Amino acid sequence: MDKLVKIGFLGCGNVGGGVWKLLNGFADDIAHRTGLRFEIKKVLVRSLNKQREIDFPDGVLTDCVDDVLNDPEISIVLEFLGGEKPAHQWIQMALERGKTVVTANKVAFALHWPELHKAAQDSGAGLYYEAAVCGAIPIIHTLEQSLQANRISYIYGIVNGTTNYILTRMSREGAEYSDVLADAQKLGLAEPDPSSDVEGFDAAYKLSILASLAFHGRVPFENVYVEGITKVQAEDIRCGQELGYTLKLLAIAKRDGLSVETRVHPTFIKNEHPLASVSDAFNAVFLRGHACGEMMFMGRGAGDLPTASAIVSDLLRAAAAEKHSYPTFENVVNPSVPLQKNTDWQTAFYVRMLAVDKPGVLASVAQTFSLYGVSIAVMQQKGDQTDGRVTLVFITHQASEQAMTHALKSINSDLVSVESVLRVEN
Ligand code: HSE
């Protein structure tokens, strides 16, 4: 005899619709594999009158959140609203009432994880969030369970599909950012308001969650340095390509002892790096554990069914659990052993400059770099002059972020203008 589990939805947009389809279309397989059957008892929507693709049975749709949160028969709440408010309060209320929550909401999660974690622990409810980071890729479960025997020294990757799609097209077509963004919006591949994606915040929320799990210590969203792709120029992608590099928006977290750096920014990687071939809207996470070595996980980070794949898997885990487990660290605002935020990380740099074409200019740039301990790995001068100036492209060896900032400020601006600075991950 299958076990019947009654569940409620908060919201039912694209992802909720995918979960509805997966739960209904795959119900017999799920029952066969797990002995579980699900009844979607209530679905909270904004408007009861809206035309919908799904033909919900009578009495399922409601526009009153209490119909989900106060229903004693609903033991698991699936949250699809996204964004911080009101989702965060409603997740919290569900947990306080002992209802397990499955969510794809990285914003509510990254910003309010300690409170949500406490509410879940206090009531014994489960809190499942595989879909919050990289959609279908099972990276949360992997970090929480499968890599427990590892000390992870770094985890980085492409965790935002919209920006990967834009950078991929800029690289293939030599097109400028604003043209590709406009086209992606027309095709429905970028949001009408793309700011959270293109300014890097979506990736930063996800990085805060990944780093916290990987390093077994809370890494708040506020600790993540964020730089999006809005200033990326086609010319830099082209210059990088000539030197064997691909540009990606990387979310990077590294740990050395208690010191942790977390940053999201456009980054050149060697064409041979496994992440360089992760194109279009795909996501991928690359990490190193002291026992497992380097690994990469790749897949679809968004979309109705890929996200539903993660949510339904969480739902099955939640419904089968006799006791829920929680992250393996003290997830409070001020933990007793806090990880320390490192803002002066070491990285290589790509710098493009326009320089007056006369003797001594190159020597002066090299001398300024040298004063700040920045060592040049590659230098290219482009042949053609524009207004008496030539393009110089440098790739440096690893240097401290702060040293590089000081060096660039000290370059003689009468002779040289710094056009772009990008980081390079080797
Ligand atoms: N907007 C995100 C992306 C998907 O473009 O990857 C949801 O996190």
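Is Cys-239 buried or exposed? Buried: its relative accessible area comes to 3%. Keep in mind while reading that this is a predicted model.

1. **Cysteines.** Don't go looking for disulfides here, since a search of the whole structure turns up zero. Take Cys-64: the closest cysteine sulfur belongs to Cys-12 and sits 17 Å away, too far for a bond. A pair would have to come within 2.5 Å to count as a disulfide. Cys-64 is partly exposed, with 30% relative accessible area, whereas Cys-239 is buried at 3%.

2. **Helix 11.** This helix covers residues 234-242, and Cys-239 is among its buried residues, along with Ala-234, Asp-236, Ile-237 and Gly-240. Those buried positions pack against helix 7 (161-173) and a set of strands: strand 9 (245-256), strand 10 (259-270), strand 14 (346-356), strand 16 (389-396) and strand 18 (416-425). After the helix comes Gly-244, with a positive phi near 90 degrees.

3. **Arg-238.** Arg-238 also belongs to helix 11. Its relative accessible area is 41%, so it is classed as partly exposed, while Cys-239 is buried. An α-helix has 3.6 residues a turn, so residues three or four places apart point the same way. As for long-range geometry, Arg-238 and Asn-49 are 189 residues apart in sequence, and their C-alpha atoms are 51 Å apart in space.

4. **Arg-423.** Here is an arginine to set beside Arg-238. Arg-423 sits in strand 18, and strand 18 is one of the elements that the buried residues of helix 11 pack against. Arg-423 is buried, with a relative accessible area of 6%. Its side chain makes a polar contact of 3.4 Å with the side chain of Tyr-225. Beyond its neighbours within four places in sequence, Arg-423 is in contact with residues including Glu-227, Arg-263, His-265, Phe-268, Trp-345, Phe-349 and Glu-401.

5. **Ligand site.** Which residues surround the ligand? They are Lys-106, Asn-160, Gly-161, Thr-162, Asp-197, Asp-202, Lys-206 and Ala-302. Looking at distances to ligand oxygen atoms, a side-chain N or O atom of Lys-106 is 2.7 Å from one. Asn-160 places a polar side-chain atom 3.4 Å from a ligand oxygen. Gly-161 uses its backbone instead, with an N or O atom 2.6 Å from an oxygen of the ligand. On its own the ligand would expose 260 Å², and the protein buries 80% of that.

6. **Val-101.** Back towards the start of the chain, Val-101 lies in strand 5 (residues 100-103). With 0% relative accessibility, Val-101 counts as buried. Setting aside residues up to four places away in sequence, Val-101 touches Val-77, Ile-91, Ala-94, Leu-95, Gly-126, Leu-127 and Tyr-128. Val-101 and Ile-76 are 25 residues apart along the chain, yet their C-alpha atoms are separated by 5.8 Å.

7. **Domains.** What are the bounds of the domains in the assignment? Domain 1 runs over 3-128, domain 2 over 139-300 and domain 3 over 346-425. Taken over C-alpha atoms, the centres of domain 1 and domain 3 are 53 Å apart.

Notes: Residues numbered from 1 in each chain as written. Predicted model: local features only at pLDDT ≥ 70, side-chain atom pairs only at ≥ 80, totals over all residues. Heavy atoms only, no water. Buried < 20%, exposed > 50% of the residue type's maximum accessible area, 1.4 Å probe, protein only. Helix = DSSP H or I, 4+ residues; strand = E, 2+ residues; numbered from the N terminus. Contact = heavy atoms within 4.5 Å. Near = heavy atom within 4 Å. Polar contact = N/O pair within 3.5 Å; in protein donor to acceptor, adjacent residues only side chain to side chain. Areas by Shrake-Rupley, 256 points an atom, 1.4 Å probe, with all protein chains shown as cover. Domains from an automatic or database assignment.
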